[in-house]
Amino acid sequence: MIKLKDLLNETIACGECLSYAWRTYIVNQDNKSANRRMKIAFGTVQNKWISNNKRYPHAWVEEGNLVKDWQTMKAGSSKYHGKGWPKREYYKAWNPKDMKKYTPYTPKEASDNFKRTKSMIGWDW
């Protein structure tokens with residue numbers, strides 16, 4: 001039997017990380033003035049403050065040396081609100097899983113994966 005307490009302990013508060021990453025993708029896929037270095041990343045992250053070191057699925061956008069996610073850009077959950085995290089600090093704080101296998105996707109690659117799988121949920125989770 002599943003206990004409510006167990007569910008509450010396993011659930012991380014969800015934001016809009018996936019929809020934020022996809023909206024950013026849609027804007028950038030055919031935009032001639034878009035940042036061509038922008039990539040969409042999916043993975044599991046953790047940190048000791050938010051998730052008590054438990055991993056949870058997350059989506060974010062990488063633009064050059066910055067990482068932008070819904071929590072930072074829209075919800076204002078860090079000192080980098082509206083600017084994006086420096087990539088090195090983001091990766092140190094959030095510890096994305098298995099960086100050797102990790103692959104961020106260009107908007108074109110994300111589009112192709114969506115067409116292939118019919119899902120916008122991260123293909124690396």
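What follows is a chat between a colleague and a modeller about the structure above.

Colleague: Before we dig in, what sort of model is this?

Modeller: This is a predicted model, where local features need pLDDT of at least 70, side-chain atom pairs count only at pLDDT 80 or more, and totals for chains, interfaces and linings use all residues. Residues are numbered from 1 along each chain as its sequence is written, and side-chain values use heavy atoms, with hydrogens and water left out.

Colleague: Okay, let's start with the sheet. What order do the strands come in?

Modeller: The order is β1-β2-β3-β4, in an open sheet of four strands with antiparallel pairing. Strands here are DSSP runs of E with at least two residues, helices are runs of H or I with at least four, and both are numbered from the N terminus. Two strands pair if DSSP finds at least two bridges between them.

Colleague: Which strands stand at the edges?

Modeller: β1 (38-45) and β4 (85-86) do; each has a single partner strand, so one side of each is left without a neighbour in the sheet.

Colleague: And how many bridges hold each pair of strands?

Modeller: β1 and β2 pair over eight bridges, in the antiparallel sense, with T44 standing opposite P57 in β2. β2 and β3 run antiparallel and are joined by three bridges; E62 has V67 in β3 as its bridge partner. β3 (residues 66-68) and β4 have two bridges, again antiparallel, and L66 is partnered by P86 in β4.

Colleague: Anything odd at the turn between β2 and β3?

Modeller: That hairpin has two residues between the strands, and G64 takes a positive phi near 60° there.

Colleague: Is β2 mostly buried or exposed?

Modeller: Six of its eight residues are buried, so β2 is largely enclosed by the rest of the structure. Buried means under 20% relative accessible area, exposed means over 50%, and partly exposed is in between, using a 1.4 Å probe and protein chains only.

Colleague: Switching to charges: how many salt bridges are there?

Modeller: The count comes to two, where a salt bridge is a side-chain nitrogen of Lys or Arg within 4 Å of a carboxyl oxygen of Asp or Glu. K87 forms one with E62, with the closest N and O atoms 3.5 Å apart. K87 lies in helix α4 (residues 87-94) and E62 in strand β2 (residues 56-63), so the pair ties together parts that are 25 residues apart in sequence.

Colleague: How accessible are those two partners?

Modeller: K87 is partly exposed at 26% relative accessible area, whereas E62 is buried at 5%.

Colleague: And the other salt bridge?

Modeller: That one joins the side chains of K68 and E63, at 3.4 Å from N to O. K68 is buried, with a relative accessible area of 16%.

Colleague: New topic: how many aromatic pairs turn up?

Modeller: A search of the whole structure finds eight. The rings of Y80 and W85 have their centres 5.0 Å apart and their planes at 45°, so that pair is tilted. The rule is that rings of Phe, Tyr and Trp (its six-membered ring) pair if their centres lie within 6.5 Å, with planes under 30 degrees apart counted as stacked, over 60 as edge-to-face and the rest as tilted.

Colleague: Are Y80 and W85 buried or exposed?

Modeller: Y80 is buried at 12% relative accessibility, and W85 is buried with a relative accessible area of 12%.

Colleague: Which residues do ring pairs link into a cluster?

Modeller: W60, Y80, W85, Y90, Y91 and W94.

Colleague: Last stop, helix α5. Which residues of it are buried?

Modeller: In α5 (residues 107-117), P107, A110, S111 and N113 are buried. Seen down the axis, the buried residues fall within an arc of 165°, so they line one face of the helix; the arc is that of the directions from the helix axis to the C-beta atoms.

Colleague: What about the other side of α5?

Modeller: K108, K115 and R116 are exposed there. K118 follows α5, with a positive phi near 60°.

Colleague: Does anything distant in sequence sit by A110, and how far off is W22? Just the second part: how many Å apart are W22 and A110 in space?

Modeller: They are 9.0 Å apart, C-alpha to C-alpha, and 88 residues apart in sequence. W22 lies in helix α2 (residues 17-29) and is buried at 7% relative accessibility.
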